[in-house]
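Colleague: Please give me a close look at a single part of this model: the lining of the second largest pocket. Then follow the lining strands into their sheets.

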Amino acid sequence: KAMDPRSSAQDVHRCDLCETALVHSYCDFCHVNLCKLCIADHISDGYDKHKIVPFQERRSTLIYPKCGTHPHKNCDLQCKNCNDIFVCSSCTASEIHRGHIFVEVSEVYTTKKNAIADEANKLKNLIYPTYEEITLPTFIPKPLDHEKLYNLFGQITPLSTATEENVLSLNQPNTSVRELLDEPELVATIQTGYEKLRSVTYLNEDCVWTCGLTKDIKCFNIKGVLLHTLSNKSEQRPSDIAVDSDGNLLFSDLKSRTVNKVNNGQTEELIRLQGWTPSKLCVTSNGDLLVTMYSDDETQSKVVRYMGSAEKQAIQFDDEGKPLYSGIRKPKCITENRNYDICVADSGARAIVVVNQNGKLRWRYIGHPSVTKKEPFKPFGITTESQSRILTADCHNHCIHILDQDGQFLRYIDNCDLQNPFGLCVDKNDNLFVSEHFKGNVKKIKFLR
């Protein structure tokens with residue numbers, strides 16, 4: 001009896017559009033599997049950058065990133081003097097890169113591709129002759145009694161639609177489906193002493209780091225005991241804080257235009273910007289660092305991904321060349337969702353802006369109609385939880401909005417006596433930590449079953 005591929009343990013590659021037909025081709029620009037019939041639908045939008053290739057040749061086309069400085073040009077070069085960052089032809093003529101050495105990205109790609117092919121051939125020549133000499137045993141299977149198998153192990157049943165919508169990313173340790181509580185519960189309140197508290201970030205089961213409008217960054221346990229105080233040497237308040245995968249504190253400094261790491265009590269500079277000021281921070285699931293920043297003239301904003309101190313990606317414009325984010329100097333808190341979407345709470349634009357991991361715009365959220373929320377929606381803090389839901393702080397309406405991963409409003413958290421919520425984070429058990437801007441409190445809230 002043939003197994004239904006929707007309920008079997010393994011399946012062949014299928015079309016990402018119709019989700020039923022076998023894959024035939026691949027769009028190397030959009031990274032989408034396509035069957036023969038869906039190719040025409042995919043390219044019917046008139047977008048001239050689609051690159052349809054045979055499925056076996058997928059990811060063989062170079063997609064050049066857009067230049068963050070010259071948005072209408074692609075970066076087809078790397079600067080050897082600047083840690084191999086991507087640059088466009090206009091960048092090479094700028095004062096910053098005067099006298100530098102450049103190499104074409106296509107040459108780097110070809111060299112690395114050939115090196116991988118050479119290594120693969122060496123492995124094949126080393127392993128295959130030995131494999132041919134091995135005489136493998138012959139397995140003669142007995143007829144299967146399916147009823148006995150079902151009695152022993154049970155059987156796989158198709159997932160319901162409701163379950164499929166809540167399946168977690170495979171890279172997450174928590175795989176149980178958790179529903180929202182009807183009434184969120186206040187678990188604890190930490191009094192920080194800040195007159196204007198901003199950011200809160202989770203350190204471990206018992207501790208959070210906090211910062212406000214002073215130079216001091218404070219670490220508290222859940223009982224409200226002050227464990228550590230770190231003072232920024234520049235005497236400037238930190239714009240934001242985060243914790244990396246090793247448990248080290250990161251903070252951005254407006255005055256020096258730097259992002260810094262505190263390791264064993266010692267502060268070291270990770271990133272120093274020119275022409276831009278770093279603002280909000282997010283450490284991703286693979287250890288990269290996302291930084292929101294604005295230009296010196298406060299007309300542009302962008303998100304930059306770093307691996308260590310090296311820039312990997314800049315996200316600033318949509319497919320039509322229009323800015324994704326407001327240019328004014330307003331907080332743009334940032335987080336990564338479990339599906340690798342990059343979510344920004346753009347307070348200047350009064351919107352949540354979500355792009356995928358390649359920087360392509362997915363959706364915007366501009367608030368939910370309500371008769372009880374009188375002030376215009378203006379999001380500040382933002383975080384995500386194990387079910388890929390997004391939570392954002394609506395400071396002036398004293399509540400938290402909860403959205404699904406596709407931007408659909410689910411509900412508010414507007415109890416727990418919340419006053420001017422600003423910063424948000426969740427711990428490994430999906431407990432929510434909320435900083436109250438004027439009260440200076442951090443509240444721990446349970447909102448999932």
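**The pocket lining and its strands**

Modeller: The lining of the second largest pocket is mixed: 18 nonpolar, 17 polar and 9 charged residues. (Nonpolar here means Ala, Val, Leu, Ile, Met, Phe, Trp, Tyr, Cys and Pro; charged means Asp, Glu, Lys and Arg; the rest, including Gly, are polar.) This is a predicted model, in which local features need pLDDT of at least 70 and side-chain atom pairs 80 or more, while totals for chains, interfaces and linings use all residues. Numbering starts at 1 along each chain as its sequence is written, and side-chain values use heavy atoms, without hydrogens or water.

The pocket holds about 1200 Å³, a volume filled by probe spheres set on grid points joined across faces, edges and corners. (A pocket is an open set of points on a 1 Å grid over the protein atoms alone, probed at 1.4 Å, with protein on both sides within 12 Å along at least five of seven lines; lining residues have an atom within 4 Å of a point.) In total, 44 residues line the pocket. Nearest its centre lie Y202, V243, V283, R338 and V426.

Which elements give two or more residues to this lining? They are β8 (197-204), β12 (238-243), β16 (276-283), β20 (332-336), β24 (379-384) and β28 (421-426). (Strands are DSSP E runs of at least two residues, helices H or I runs of at least four, numbered from the N terminus.) β8 gives the largest share, 7 residues. Several of the central residues sit in these strands. Y202 falls in β8, V243 in β12, V283 in β16 and V426 in β28.

Take β12 and follow it outward. β12 belongs to an open, antiparallel sheet with the order β12-β13-β14-β15. β12 and β15 (266-272) are the edge strands with a single partner each, so one side of each lacks a neighbour in the sheet. The twist averages 25° from one strand to the next. (Axes are lines fitted to C-alpha atoms; angles run from 0 to 180 degrees between N-to-C directions.) β12 is joined to β13 (residues 249-253) by 5 bridges, running antiparallel. (Strands pair if DSSP finds at least two bridges between them.) Across this pairing, D240 faces S252 in β13.

Now take β28. It too is part of an open sheet of 4 strands, antiparallel, in the order β7-β30-β29-β28. β7 (180-191) and β28 stand at its edges, and each has a single partner, so one side of each has no neighbour in the sheet. Neighbouring strands are turned by 25° on average, direction ignored. At the other edge, 7 bridges tie β7 to β30 (residues 441-448) in antiparallel fashion. A188 stands opposite K444 in β30.

One lining strand also meets an annotation. UniProt, in an unreviewed entry, places "repeat: NHL" at residues 381-406, while β24 covers 379-384. (UniProt positions use the numbering here, feature names are shortened, and annotations may be inferred rather than shown by experiment.) The annotated span is 54% strand and 0% helix. Its end C-alpha atoms lie 18 Å apart.

To sum up the lining: β12 and β28 both contribute to it. β12 is an edge strand of one sheet, and β28 is an edge strand of the other.
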